[in-house]
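Q: I am new to this structure and would like a close look at one part of it. Please walk me through a single strand and its surroundings, one step at a time, and then a little beyond.

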Amino acid sequence: MPIDRIYYDERDEMDDSRVDAAEHRLDGSPTPEETTLSTPTIPEYGVDLLYQESDQRGFLWNCSACNGWTCLEDEYETGNAIAEPRNEDPFYICSKCRDPLKRERAEWVARKPDVLGHRG
């Protein structure tokens, strides 16, 4: 049966032969779309490999104090995403000015803008 769109949930847990069979259902579509969702299991395999081959989009928040942009995912890896002052609630911090980050405006930004047709 031909289809226009496939969503793979937990792609790394799927048998590759079944994925190949599902992909052929897109052959007759004038506008085929594939979306892959998963937690990476092995480096350079499955969803991790697909992400490495993509434009590697990150979700960046705009800081109202300095107009800089912060990707909280990147900041978590460095341990600089959250301030935890004594006797106050924790808050996210701008990676540029280190002020509290008000999460009011954000956008997806490609880390590899030269990669076309493969959003990640």
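A: A polar contact here is a pair of N or O atoms within 3.5 Å; within protein, one of them must be able to donate a hydrogen and the other to accept it. Keep in mind that this is a predicted model.

With that cut-off in hand, let us start just ahead of strand β3, at S54. This residue sits in the loop that runs between α2 (46-52) and β3. Is S54 buried or exposed? Its relative accessible area is 0%, so S54 is buried. Its side chain has two backbone partners. On one side, a polar atom of the S54 side chain lies 2.7 Å from the backbone oxygen of Y51. On the other, a polar atom of that side chain is 3.0 Å from the backbone nitrogen of Q56. Beyond its neighbours within four places in sequence, S54 is in contact with K112, V115, H118, R119 and G120.

Now step into the sheet. Three strands, or more exactly 3 strands in the order β4-β3-β7, form an open sheet with antiparallel pairing. Its edge strands are β4 and β7 (106-110), each of which pairs on one side only. From one strand to the next, the twist averages 40°. Looking at one pairing in detail, β3 and β4 are joined in the antiparallel sense over 3 bridges. To find your place along that pairing, look for L60, which stands opposite C71 in β4.

Rings are worth a look as well. Ring pairs link F59, W61 and W108 into a cluster.

Follow β3 onward and you arrive at N62, which belongs to this strand (residues 57-62). Its relative accessibility is 9%, so N62 counts as buried. The side chain of N62 meets the side chain of N67 in a polar contact of 3.1 Å. N67 also appears among the residues that N62 touches: leaving out those up to four places away in sequence, they are N67, G68, W69, L101, K102 and R105.

After the strand comes C63, in the loop between β3 and β4 (69-71). With a relative accessibility of 1%, C63 counts as buried. Setting aside neighbours within four places in sequence, C63 is in contact with G68, C94, C97 and L101. You may recognise G68 and L101, which are also among the residues touched by N62. The chain folds back here too: C63 and A106 are 43 residues apart along the chain, and their C-alpha atoms are separated by 9.2 Å.

Two of the contacts of C63 are themselves cysteines, C94 and C97. That brings up a natural question: how many disulfides does a search of the whole structure find? The count is 0. A disulfide is a covalent bond between the sulfur atoms of two cysteines. For C66, the closest cysteine sulfur is in C94, 3.7 Å away, which is too far for a bond. The limit used for a disulfide is 2.5 Å between the sulfur atoms. C97 is in no disulfide either, and its nearest cysteine sulfur, that of C66, is 3.7 Å away. As for their surroundings, C66 counts as partly exposed because its relative accessibility is 25%. C97 likewise counts as partly exposed, at 28% relative accessibility.

Finally, let us move a little further out, to another pair of rings. In the whole count there are 3 aromatic pairs. In one of them, the rings of Y76 and Y92 have centres 6.4 Å apart and planes at 80°, so this pair is edge-to-face. The two residues are 16 residues apart and come from distant parts of the chain: Y76 from helix α3 (residues 72-78), and Y92 from strand β6 (residues 91-92). Y76 is partly exposed, with a relative accessible area of 43%, and Y92 counts as partly exposed at 23%.

To retrace the path, begin at the buried S54, go along β3 to N62 at 9% relative accessibility, and continue to C63 in the loop that follows.

Terms used. Residues are numbered from 1 along each chain as its sequence is written. This is a predicted model: local features need pLDDT of at least 70, side-chain atom pairs count only at pLDDT 80 or more; totals for chains, interfaces and linings use all residues. Side-chain values use heavy atoms; hydrogens and water are left out. Helices (H or I, at least four residues) and strands (E, at least two) are DSSP runs, numbered from the N terminus. Buried means under 20% relative accessible area, exposed over 50%, partly exposed in between (1.4 Å probe, protein chains only). Contact means heavy atoms within 4.5 Å. Two strands pair if DSSP finds at least two bridges between them. Axes are lines fitted to C-alpha atoms, for helices over the stretch in contact, and angles run from 0 to 180 degrees between N-to-C directions. Rings of Phe, Tyr and Trp (its six-membered ring) pair if their centres lie within 6.5 Å; planes under 30 degrees apart count as stacked, over 60 as edge-to-face and the rest as tilted.
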